[in-house]
Amino acid sequence: MQSAQLSRQFHSRGAAAIMLAVAALYVALTGGYAAEPLRAVGRGFGLPGAEALHLSPMWQTVASVAANLAVMALMVATNRAYNVLRSMSWLEVGLFALMQAAVPRGVTMLGSGVLMCLAVALCTFLILGCYDAPERTRTVFLTFLILSAGMAVEYAFAVYIIVFGLMLAQMRILSGRTAAAALMGIATVWILLLGSGAVSPGDLRLPAPAGPPAHIGAHSGLYPLCVAAAGALLLVMALGANVMKTIAYNARARAYNGALTVLALVTVVAMALDWGDMAAYLPLLNLCAAYQITHYFVNHRYDRQYIAVLAVAGIYVALAIWRLMLG
C-alpha cells in the first residue's frame, strides 16, 4: 500500500473502529490497575454530583461508556452538519477514544468529567446551528438551560456559560432577545429547583476551586498531570498550526472554528487554574485536542502523514505502558 493511500486510510471509519477497539480492550483488561487519576467528583452550586446516584460499578460503567459513545456520535454529527473540519474524517473519533483510554477510570466510572464533556458537546452542536439566525431563541434558551443544570452539580460548568455567551457574538446572533433567552435558560433551572424543593436556599453554595493535591505522587497526581499536559500541549500545537489556514476560510467557517478555538483555550486555562479538579476537565480537553489535531491533518495532507498520526497515538500508548508499570 502506498504511503498516500495509507495516510488516507487513517481518516476512514475502519481506522477509527480499530482505534476504538484497541482503546476498549485496554480499558477492559487494565481498568482495575491502581495508577489512576483522581475521580471527577461533582461539586455543584446546589446539588451533589453523579456519585449521589449510588449506582453499582456495573451500571456506572454502562452509563459512562454510553456517555463516551454519545460524545463520539456528537463529534461526527457536528462535523457532518457544519463541516468544521472541512472534510469528512473519522480520525477525531479514534483519537478521542485513545485519549480517554489513557485514564480508564474516566470510562469505567461515571463522574462529572464525561457528563460535562457530553453536555458541552451537545450545546456546541446546538449553538453552531444558530449562525446568523438570531430568531432561534429557543435553541439559545435550551443551550443555557443545559449549562445551568450542569452548574447545579458541577461548578466548572459556570466557565462554559461565559464561553457560550461569547459564542453568541461569534455566531452573529447576540441581541437583546438572545441575551434574554440565555438569561431565562439559566434562571429557569434555579426557579424549578427552588420551587420544587429539590434545593433549599440553605443548599446554595459557592464552591471554591479544588486547588492542587497536598501530595503529588505517581499514583495520586503525577500520572494524571502528565496525561493532561500531553493533551494540552498537543492541543496548543495544533491550534497554532491551524491559524493560517482558518484565516482564509469564509465568514461562517471562521465563526465555527473561532468558537471551537475559544472553547479549547478556555478549557486549557480553566484546567491550569483549577488543576486539583483536572478530572472534570480532562474529557473535554481530549475532545478539543482530537478535533484540532484532526483539523490539522485534514488541512495539511502529505504522503507520509500516517507517521505523524502514529506518533500522536504513540504518545498515548507510551502513557498507557507507563501506567501499567506504575501498577
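**Group meeting: the largest pocket, helix α3 and the core**

Okay, let's start with the largest pocket: 14 residues line it, and L20, A23, A24, V65 and V107 sit nearest its centre. Four elements each put two or more residues into that lining, namely α2 (13-30), α3 (57-82), α4 (91-101) and α5 (105-108). Helices here are DSSP runs of H or I with at least four residues, numbered from the N terminus. By pocket I mean an open set of points on a 1 Å grid over the protein atoms alone, where a 1.4 Å probe fits, with protein on both sides within 12 Å along at least five of seven lines; lining residues have an atom within 4 Å of a point.

Before I go on, this is a predicted model, so to speak of local features we need pLDDT of at least 70, and side-chain atom pairs count only at pLDDT 80 or more, while totals for chains, interfaces and linings use all residues. Numbering runs from 1 along each chain as its sequence is written, and side-chain values use heavy atoms, with hydrogens and water left out.

Which helix gives the most to that lining? That's α3, with five residues.

So, α3. At 1.5 Å a residue, its 26 residues should span 38 Å (that's 1.5 Å times one less than the number of residues), and the end C-alpha atoms are 37 Å apart, which agrees. Buried residues in α3 include Q60, S64, N68 and Y82, where buried means under 20% relative accessible area with a 1.4 Å probe, protein chains only. The buried residues of α3 pack against α2, α4, α5, α6 (112-128), α11 (251-273) and α12; contact is heavy atoms within 4.5 Å. Right after α3 comes N83, with a positive phi near 55°.

Now α11, which holds N257 and A259. N257 is buried at 5% relative accessible area, and beyond its neighbours within four places in sequence it contacts V84, T246, Y249 and H295. A259 is buried too, at 1%. Leaving out residues up to four places away, A259 touches L128, M167, Q170 and M171. Its C-alpha is 9.6 Å from that of A169, 90 residues apart along the chain.

Last bit: the largest nonpolar core has 97 residues, and Y160, F164, L287 and I293 touch the most other members. Helix α12 (residues 278-299) gives the most to this core, 13 residues. A nonpolar core is a set of buried Ala, Val, Leu, Ile, Met, Phe, Trp, Tyr and Cys residues joined through side-chain atoms within 4.5 Å.

Conventions:
Buried < 20%, exposed > 50% of the residue type's maximum accessible area, 1.4 Å probe, protein only.
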